[in-house]
Structures are given as structure tokens and as C-alpha cells.
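Morning, everyone. I have one structure to walk through today. Please have it open as I talk.

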Amino acid sequence: MNIESFRIDIPQADLDDLAARLAATRWPTPLPGVGWERGVPVDYLRDLAEYWRTRFGVSVFAGDSSIRSMLGPNGEVARWTEFDQGGHFPGLETPRLLAGELREFFGDHR
């Protein structure tokens, strides 16, 4: 596997613009009694978009300290979890641990 280092560098103005657009989204009125039969329910999607706009979580696996340096000064971290196993590629190294963390973190959004 060829691993190359990279940094995600999105200007704060772009992130602020995205947050403003999410906050200003005009949501349609949900169809009564439809649920998931015709796609993602509007209420679910609205709640998920608000979650993305206002919160995020971080999972740090053993030996991977690089994520701390990527956190911006305005980022509200809703959840921070550190593990003593895994590494930079937890999906390959500790897939069950990563899956459990994702289930717990997104559990409210099923």
C-alpha cells in the first residue's frame, strides 16, 4: 500500500458559507404517513443536516495524533474518543472497534 501524507485545507470562509447555506435551507413539508417509502424522510434529513452543521465527533486510534492539529479553533467537538488499538487506518486494522464507535456515535440518527 502506498500511503501519501496530505492535509485537508478548506478555507474558513467556505466552511462558514456551507454552514450558512445549511442553516438557510428551505425544507419541504413532509408527506403524511409516507415514512421511508419514498426516500429519506424530511424530518430525519433536516435533523441530520443540523447535526452536520453544528457538531462533529473525533475518534483517535493508537499512534495517530495527527487529527488534533486539524481541529479548527471554532470547531465544537460533540464527541472525542481515544483508543489504545488501531492506527491511522482503523477500518483495516481494527474494523470491529471502528464499526462499534460509528454505531454509537450515529445511533441517534437511525
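I'll go from the overall fold to a few side chains, then to confidence.

First point: this is a predicted model. Keep that in mind throughout.

The fold, then. The protein has five helices and two strands. Along the sequence, the order reads α-α-β-α-β-α-α. The protein has 110 residues, and 16% of them are buried. Now take the contacts with a separation of 6 or more. Of those, 36% are between residues 24 or more positions apart. As for the surface, about 8700 Å² is exposed. Carbon and sulfur atoms account for 53% of that area.

Next, helix 2. It runs over residues 42–54, which is 13 residues. From first C-alpha to last, helix 2 spans 18 Å. That is close to the expected 18 Å, at 1.5 Å a residue. Which residues of helix 2 are buried? Four names here: Val-42, Leu-48, Ala-49 and Tyr-51. And what covers them? The cover includes helix 1 and helix 5, the latter at residues 95–106.

Stay with helix 1 for a moment. Helix 1 covers residues 12–23, and Asp-17 sits in it. Is Asp-17 buried or exposed? In between: its relative accessibility is 37%, so Asp-17 counts as partly exposed. The Asp-17 side chain makes a polar contact with the side chain of Arg-21, at 2.8 Å.

On to the aromatics. How many aromatic pairs does a search of the whole structure find? One. The partners are Trp-36 and Tyr-44, with ring centres 5.1 Å apart. Their planes are at 65 degrees, and edge-to-face needs over 60, so the pair is edge-to-face. The two partners fall into separate accessibility classes. Trp-36 has 52% relative accessibility, and the cut-off for exposed is over 50%, so Trp-36 counts as exposed. Tyr-44 has a relative accessible area of 24%, so Tyr-44 is partly exposed. Tyr-44 also belongs to helix 2, given its range of 42–54.

Last, confidence. Mean pLDDT for the protein is 77. Residues at 70 or more make up 70% of the protein. Where is confidence lowest, and where is it highest? The low end is helix 3, residues 66–70, with a mean of 57. The high end is helix 1, at 87. Where pLDDT is low, the predicted coordinates should not be read in detail.

That's my tour. Over to you for questions.

Terms used: Residues are numbered from 1 along each chain as its sequence is written. This is a predicted model: local features need pLDDT of at least 70, side-chain atom pairs count only at pLDDT 80 or more; totals for chains, interfaces and linings use all residues. Side-chain values use heavy atoms; hydrogens and water are left out. Buried means under 20% relative accessible area, exposed over 50%, partly exposed in between (1.4 Å probe, protein chains only). Contact means heavy atoms within 4.5 Å. Accessible areas come from the Shrake-Rupley method with a 1.4 Å probe; for residues, only the protein chains shown count as cover. A polar contact is a pair of N or O atoms within 3.5 Å; within protein, one must be able to donate a hydrogen and the other to accept it, and residues adjacent in sequence count only if both atoms are side-chain atoms. Rings of Phe, Tyr and Trp (its six-membered ring) pair if their centres lie within 6.5 Å; planes under 30 degrees apart count as stacked, over 60 as edge-to-face and the rest as tilted. The expected span of a helix is 1.5 Å times one less than its number of residues. pLDDT is the predictor's confidence in each residue, from 0 to 100.
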